[in-house]
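Please look over the structure below before building on it. My comments follow as numbered points.

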Amino acid sequence: MMNFTRKVRDVTNPLKKQFLVALIAVVGVLLGIFSSVVCAQSASLPQGEANIVEGTVRSSAGKLLKGASVLLEEKERSNSLETKTKADGSFVFSGMSPGVYTLRAKISGWCEGISNPLVLSAGDKKRVDLVLESLTADHPGRSGTPSSSGSAAGAMEFEDKPNFTVAGVTDWNNTGVHGSDLNVRTSEALAKETLALKNGELVEKSRGDTKAGAPSLNSGESQERLLAAREQARTMLAKADTADGHRLMGELNERLGDPLEAVREYERAALMDPSEQNYFEWGTELLLHRADGPAAEVFAKGSHAHPDSARMLAGFGAALYAEGKREEAAARLCEASDLKPADPAPYVFLGKMEKAATGVLACVEEKLARFAQERPGNALANYYYGVTLWKRGRGSEKNAAGLRQAEALLEKAVNIDPKLDEAYLQLGILHSERGDFEQAVRDYKKAIEVNPQLGEAHYRLGSAYRRIGEESKGEQEFRAYEKIKKAETAAIESRRRELRQFLTILKDQPAAP
């Protein structure tokens, strides 16, 4: 997986004047703090394991619903539990046996909410927050009446409203994951790149460009300042219900660890004012929390409404990739690169997709060739085009010229950016396949010198040492690889646990029986 982390400038888009005070309070803020877990009454199945499922039931406007009936149903058996939410909207079930369960919540006057399947292993603790839609669907900014934001003329029409509902949040799991672990990691990297585009940046930057890094939701900003800023924003919204205000509330809620409220605020902003920014930030929030289909829907509508937005197409491509639609994803990114040929963002997305693909994706080689031609001093432009030519030419004597060009591009990339560890790694792979193991050893050692935690370089260096008869050195590298792999897997799982995923329901599909 690419490891070109850089720092992203904290650039906040301007909001309307009445929100400047609240916005200043959160400039530079990148903090995710999960909401505190509330106490609730419990119900148990006899002879169960020590498993817990807890959460809240609230309206789409954020109101906690008291007295809602919550059912926990096991799919493989007829077992079910029922409880009612307390005054704070909370519920809890405990003592269930391991298995696959579904949560349902219902109350008079509201549509039933249903979770995605929950897989419980012994000792698991899951949290699911369910959102119920009012049967009258009377939400701010959705009725079609003029809003105080001054953008009523551009408000989203009824037929353009989303075909999905975000019904809750749950812990990360691999349900709905498409493809190999490499593809999953690439999808996660594309989601981070999409988030960076909110501020016109990239996570992965070439030497010579402004340095950038992954937009983190964890910074040193205090929760107290965030809470104060959110209260101030709420006060201002009470005085003037604007799309800018709801978008700001979405940002604050995400930083405070409440993605469910955040996505509802982003949705309200887009429904009140379907601007390019509001569409993009709504789609990005859905993508970050693994609502891949809904994110693709929002980005698709955003692209239709704003056909000149290259970043909207980039987000659309990232969402399609997450759905497992690799060729469609590449096509959208190729379109984005045609919209703004000088913008490196679509090419970086394409390069990540191409590197993870088993074959060469349609249209990608042509676009990456243009990137390298138009940006000859960009290390990533040379690196990604070199990888593409290597993939096309490997294993065929007829493509020897292409492999020589790939080698030249990779060498140019490391000359431009001597810290580009993945380019040294790729050179080692190329030389190893050619049978030049001595040179491959030098390439892998250089990659490790730049990045000692690049596990694949250790593994391949171990293999190269074996090929030249240095078994002890090879074993040492294999041990280093296993240690790095274990630590990397733990770190990835930790990040995934922190970033909870949305539970979504398609409105045109009946509820499961």
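1. Start with helix H10. The helix is mostly covered, with twelve of its 13 residues buried. This is a predicted model, so the confidence figures in the later points belong beside every comment here.

2. Which residues of H10 are buried? At the beginning of the helix, they include Pro344, Ala345, Pro346, Tyr347 and Val348. Further along come Phe349, Leu350, Gly351, Lys352, Met353 and Glu354. Ala356 completes the set. Note that charged side chains, Lys352 and Glu354, are among the buried residues.

3. What do these buried residues pack against? Five helices supply the partners: H2 (181-196), H8 (310-322), H9 (326-339), H11 (364-374) and H12 (379-393).

4. The geometry of H10 is regular in length. Residues 344-356 span 19 Å from the first C-alpha to the last, close to the expected 18 Å. At the start of the helix, Asp343 deserves a look: one of its side-chain oxygens comes to within 3.1 Å of the backbone nitrogen of Ala345.

5. Glu354 does more than sit in the covered part of H10. Its side chain meets that of Lys391 in a salt bridge, 3.4 Å from N to O. This pair links distant parts of the chain, with Glu354 in H10 and Lys391 in H12, 37 residues apart. Both partners are buried. H12 is also one of the helices that the buried residues of H10 pack against.

6. H12 has a second salt bridge to check. Arg392 pairs with Glu365, and the closest N and O atoms are 3.0 Å apart. Here the link runs between H11 and H12, across 27 residues. Are these two residues buried or partly exposed? Glu365 is partly exposed, at 21% relative accessible area. Arg392 is partly exposed too, at 38%.

7. Away from H10, look at Glu251 and Lys198. Their side chains form a salt bridge with an N to O distance of 3.1 Å. Glu251 lies in helix H4 (residues 243-255), while Lys198 lies in the loop between H2 and helix H3 (223-239). The two are 53 residues apart. Glu251 has a relative accessible area of 17%, so it counts as buried. Lys198 is buried as well, at 11%.

8. The Glu251 and Lys198 pair is not isolated. A network of salt bridges links Lys198, Glu251, Arg255 and Glu281. Across the structure there are 31 salt bridges.

9. Now the chain as a whole. It has 17 helices and eleven strands. Of its 513 residues, 52% count as buried. Among contacts with a separation of 6 or more, 67% join residues 24 or more positions apart. The chain exposes about 22,600 Å², and carbon and sulfur atoms supply 51% of that area.

10. How far should the model be trusted? The mean pLDDT is 80, and 76% of the residues reach 70 or more. Residues 1-49 stay under 50, although the model has 169 contacts for them beyond four places in sequence. Residues 137-159 are also below 50, with 34 contacts beyond near neighbours in sequence. Where pLDDT is low, predicted coordinates should not be read in detail. Please treat the contacts of residues 1-49 and 137-159 accordingly.

Technical notes. Residues are numbered from 1 along each chain as its sequence is written. Side-chain values use heavy atoms; hydrogens and water are left out. Helices (H or I, at least four residues) and strands (E, at least two) are DSSP runs, numbered from the N terminus. The expected span of a helix is 1.5 Å times one less than its number of residues. Buried means under 20% relative accessible area, exposed over 50%, partly exposed in between (1.4 Å probe, protein chains only). Contact means heavy atoms within 4.5 Å. A polar contact is a pair of N or O atoms within 3.5 Å; within protein, one must be able to donate a hydrogen and the other to accept it, and residues adjacent in sequence count only if both atoms are side-chain atoms. A salt bridge is a side-chain nitrogen of Lys or Arg within 4 Å of a carboxyl oxygen of Asp or Glu. pLDDT is the predictor's confidence in each residue, from 0 to 100. Accessible areas come from the Shrake-Rupley method with a 1.4 Å probe; for residues, only the protein chains shown count as cover.
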